[in-house]
Amino acid sequence: VELAGLPIPDDLEGTSMVPVIADPGGSWKRGVFSQFPRPWMYNGEPEVMGYSVRTPDFRYTEWRNLRSGLLEGCELYHYKIHDIEHRNLAGVPDYRAVQLAMKQLLDGGWKHALPGDR
């Protein structure tokens, strides 16, 4: 929207990527966020929603039951070890600190992952 010179709507979420284009080596977000329903359905409502945060090294996902809000599972993948999601490291003792840090980043949401919000 910013590059097109259009007015930015008040209800638009996210952050302009103009600073990244202007300075590709500069500071940027600590993580990016996504969500995906399970099961994937064309009609009806999903039962579980996956909420994820991705950093250069890791992706952490929590699968939450949409009716109860309860956590049904989580995933943690280390991309510096495997360039694909080869082994779920959630619950592995050596990754406890990483999992906690990624959970905190996910729980903080995208607004707390912006540059300068450390």
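**Exercise 1. Identify the nonpolar patch on the surface and classify I8 within it.**

Step 1. The patch consists of V1, L6, I8 and L12, which together have about 380 Å² of accessible area. Patches are made of residues with over 30% relative accessible area and no salt bridge, with nonpolar side chains (Val, Leu, Ile, Met, Phe, Trp, Tyr) joined within 5 Å and like charges within 9 Å. Accessible areas come from the Shrake-Rupley method with a 1.4 Å probe, and for residues only the protein chains shown count as cover.

Step 2. I8 is found in the segment before α1 (18-22). Helices (H or I, at least four residues) and strands (E, at least two) are DSSP runs, numbered from the N terminus.

Step 3. With a relative accessible area of 53%, I8 is exposed. The classes are buried (under 20% relative accessible area), exposed (over 50%) and partly exposed in between, with a 1.4 Å probe and protein chains only.

Basis of the values: the model is predicted, so local features need pLDDT of at least 70 and side-chain atom pairs count only at pLDDT 80 or more, while totals for chains, interfaces and linings use all residues. Residues are numbered from 1 along each chain as its sequence is written, and side-chain values use heavy atoms, with hydrogens and water left out.

**Exercise 2. Determine which residues form the largest nonpolar core and which element gives the most to this core.**

Step 1. A nonpolar core is a set of buried Ala, Val, Leu, Ile, Met, Phe, Trp, Tyr and Cys residues joined through side-chain atoms within 4.5 Å. The largest one has 11 residues: V53, F58, Y60, L76, L89, V92, Y95, M102, L105, L106 and A113.

Step 2. At least two residues of this core come from each of β3 (58-65) and α2 (96-108). The element that gives the most is α2, with three residues.

Step 3. As background, nonpolar side chains in soluble globular proteins tend to be buried together.

Step 4. For the core residue A113, the contacts (heavy atoms within 4.5 Å) are K29, R30, G31, F33 and L105, not counting residues up to four places away in sequence.

Step 5. T55, in the loop between β2 (48-54) and β3, is buried at a relative accessible area of 13%. Under the same sequence exclusion, T55 touches R30, G31, M102 and L105.

**Exercise 3. Describe how β3 and β4 pair.**

Step 1. The strands β3 and β4 (residues 71-78) pair in the antiparallel sense over seven bridges. Pairing requires that DSSP finds at least two bridges between two strands.

Step 2. One bridge can be given by residue: the partner of R59 in β4 is Y77.

Step 3. The two strands form a hairpin with five residues between them, and G69 in the turn has a positive phi of about 80°.

**Exercise 4. Locate the salt bridges of K80, R59 and D107 and state the accessibility of each partner.**

Step 1. A salt bridge is a side-chain nitrogen of Lys or Arg within 4 Å of a carboxyl oxygen of Asp or Glu. The whole structure contains six salt bridges.

Step 2. K80 pairs with D57, with the closest N and O atoms 3.7 Å apart. K80 lies in the loop between β4 and α2 and D57 in the loop between β2 and β3, so this pair ties together parts that are 23 residues apart in sequence. K80 is exposed at 59%, whereas D57 is partly exposed at 29%.

Step 3. R59 pairs with E85, the closest N and O atoms being 2.6 Å apart. Because R59 lies in strand β3 and E85 in the loop between β4 and α2, the pair ties together parts 26 residues apart in sequence. R59 is buried at 13%, and E85 is partly exposed at 38%.

Step 4. D107 pairs with K103 at 3.2 Å between the closest N and O atoms. These residues are four apart in helix α2, so about one helical turn separates them. D107 is exposed at 52%, and K103 is partly exposed at 26%. Both belong to a network of salt bridges that links E62, R64, K103 and D107.

**Exercise 5. Find how far apart P37 and W63, and S27 and P115, are in sequence and in space.**

Step 1. P37 and W63 are 26 residues apart in sequence and 8.8 Å apart in space, C-alpha to C-alpha. P37 is found in strand β1 (residues 32-38) and is buried at 17% relative accessibility.

Step 2. S27 and P115 are 88 residues apart in sequence and 6.1 Å apart in space, C-alpha to C-alpha. S27 is found in the loop between α1 and β1 and is exposed at 52% relative accessibility.
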